[in-house]
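I opened this notebook to keep track of what I looked up in one structure, entry by entry. The order follows my own path through the model.

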Amino acid sequence: MTRALRRNLAIAVVCLAVLVLLPAVSSASHQWGNYHWARTANPFTVKLGDNLSSNWDPYLATTSSDWSASSVLNTTIVSGSTRPRQCRATLGRVEVCNTKYGNNGWLGIASIWANGDHITQGTVKLNDTYFNTSTYNTPAWRNLVTCQEVGHTFGLDHQDENFNNPPLGTCMDYTSDPTPNQHPNAHDYDELEAIYAHLDSTNTAFSTLAPSGMNEVSLDGPGQWGHVVSISADGHQSVHELDFGGGFKIITHVTWVIDVRPYFNSRHIDIR
Ligand SMILES: [Zn+2]
Ligand SMILES: [Zn+2]
């Protein structure tokens, strides 16, 4: 073996090692893009607007106290300011809504309004059409989906999207067995600390340049969610983006019900 060949081989081995290491590094993080709430100090407070019927209130209370255990953020429940069906967003808040949104395939959705990387407002919708059925009408499913959708509005993604591997013990894990996954785990709190390690010069970063109509858009179904950004391997989770230009976007995270095939598995859709 010549010296040059040996050197090339050594470089190849180093590259291979880097390639092997990279996926491990990226999977350790489960931030949803770079989206985060702008704030000038930690801990900051996210108001959760309660547009829920009373049977959901204990689950929102659990989710609120679960996430408030984070060292970087607190949540408080405030009275809601929208009708559940429309679930319109309110600046600087997350409106949480429930109603029978219909037999549309989704169990819960979380949407965030972004100005660049900064979240300005969010909504969470919980679909009673499915939560009223025997499969999903359980405390475990209600805790899992409430916790996960609210978690998305802080900028968190799933820790894991493999539907069939052992549960990770966090609501940010997608699973067919919700029982061990009703609350955040230590890794979620670590991730929040990483997302919110820096401070911003303003709070909530509202811009008067936000396109008019961005607040009025109804997010009931795929037709209003914009293009598909990603779909989990099993097709049960998807992320959509509605781009208003100038860095203004609405990003919607969808949890599909497990017992129907998501709509986009059977139709052509523009995935990018
Ligand atoms: Zn920031
Ligand atoms: Zn999700």
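**Entry 1, disulfides.** I am working from a predicted model, and I began with the cysteines, where I found that the structure holds 2 disulfides. Counting the bonded cysteines along the chain, I noted the pattern 1-2, 3-4.

I looked at the pair Cys 87 and Cys 97 and found a disulfide with the sulfur atoms 2.0 Å apart. I read 85° about the S-S bond, which makes the link of Cys 87 and Cys 97 right-handed. I placed Cys 87 in the loop between β3 (73–79) and β4, and Cys 97 in strand β4 itself, with 10 residues separating them. I then asked myself whether Cys 87 is buried or exposed. Cys 87 counts as buried because its relative accessible area is 4%, under the 20% cut-off, and Cys 97 counts as buried at 0% relative accessibility.

I turned to the disulfide that joins Cys 147 to Cys 171, where the S to S distance is 2.0 Å. Here I read -50° about the S-S bond, and the link of Cys 147 and Cys 171 is left-handed. Cys 147 lies in helix α4 and Cys 171 in the loop between α4 and α5, so this pair ties together parts that are 24 residues apart in sequence. I noted both Cys 147 and Cys 171 as buried.

**Entry 2, the zinc ion (ligand 1).** I listed the protein donors of this ion as His 36 (NE2), His 118 (NE2), His 198 (NE2) and Asp 200, the last entered twice through OD, and they lie 2.0 to 2.5 Å from the zinc ion. Along the chain I wrote the spacing of the donors as H-x81-H-x79-H-x1-D. Taking His 118 and Asp 200 as a pair, I found His 118 in strand β6 (residues 118–127) and Asp 200 in the loop between α5 (186–195) and α6 (222–225), 82 residues apart. His 118 counts as buried because its relative accessibility is 18%, and Asp 200 counts as buried because its value is 14%.

**Entry 3, the zinc ion (ligand 2).** Which residues donate to the zinc ion (ligand 2)? I found Gln 148 (OE1), His 152 (NE2), His 158 (NE2) and Gln 237 (OE1), lying 2.1 to 2.8 Å from the ion. I noted angles of 68 to 151° among the 4 donor atoms, and the site is classed as irregular. The sequence spacing of these donor residues reads Q-x3-H-x5-H-x78-Q. Since His 152 lies in helix α4 and Gln 237 in strand β8 (residues 237–245), the pair ties together parts that are 85 residues apart in sequence. I recorded both His 152 and Gln 237 as buried.

**Entry 4, nonpolar cores.** I looked up the largest nonpolar core and counted 40 residues in it, of which Trp 67, Val 96, Phe 154 and Tyr 196 touch the most other members. The elements that each supply at least two residues of this core include β2 (44–51), α2 (57–68), β4 (93–99), β5 (106–115) and α5. The element that gives the most to this core is α4, with 5 residues. I also found a second, separate core of 14 residues, with Tyr 101, Trp 106, Trp 113 and Met 214 among them.

**Entry 5, strand β5 and its partners.** I checked how covered β5 is, and 10 of its 10 residues are buried. On tracing its pairing, I found that β5 and strand β9 (residues 248–256) run antiparallel and are joined by 9 bridges, and that Ser 111 stands opposite Thr 252 in β9. I found β5 and β6 paired in the antiparallel sense over 8 bridges, with His 118 in β6 as the bridge partner of Asn 115. These two strands, β5 and β6, form a hairpin with 2 residues between them, and Gly 116 in the turn has a positive phi of about 65°. I linked this back to Entry 2, as His 118 is also a donor of the zinc ion (ligand 1).

**Entry 6, Ser 64.** My last lookup was Ser 64, which I found in helix α2. Ser 64 counts as buried because its relative accessibility is 7%. Setting aside residues up to four places away in sequence, I noted that Ser 64 touches Leu 48, Thr 75, Thr 76 and Ile 77.

Conventions
Residues numbered from 1 in each chain as written. Chains lettered and ligands numbered in written order. Predicted model: local features only at pLDDT ≥ 70, side-chain atom pairs only at ≥ 80, totals over all residues. Heavy atoms only, no water. Donors = N, O, S within 2.8 Å, 3.2 Å for Na, K, Ca; no water. Helix = DSSP H or I, 4+ residues; strand = E, 2+ residues; numbered from the N terminus. Buried < 20%, exposed > 50% of the residue type's maximum accessible area, 1.4 Å probe, protein only. Core = buried A, V, L, I, M, F, W, Y, C linked by side-chain atoms within 4.5 Å. Disulfide = S-S within 2.5 Å. Contact = heavy atoms within 4.5 Å. Tetrahedral: all angles 85-135°; square planar, octahedral: opposite > 155°, others 65-115°. Pairing = 2+ DSSP bridges.
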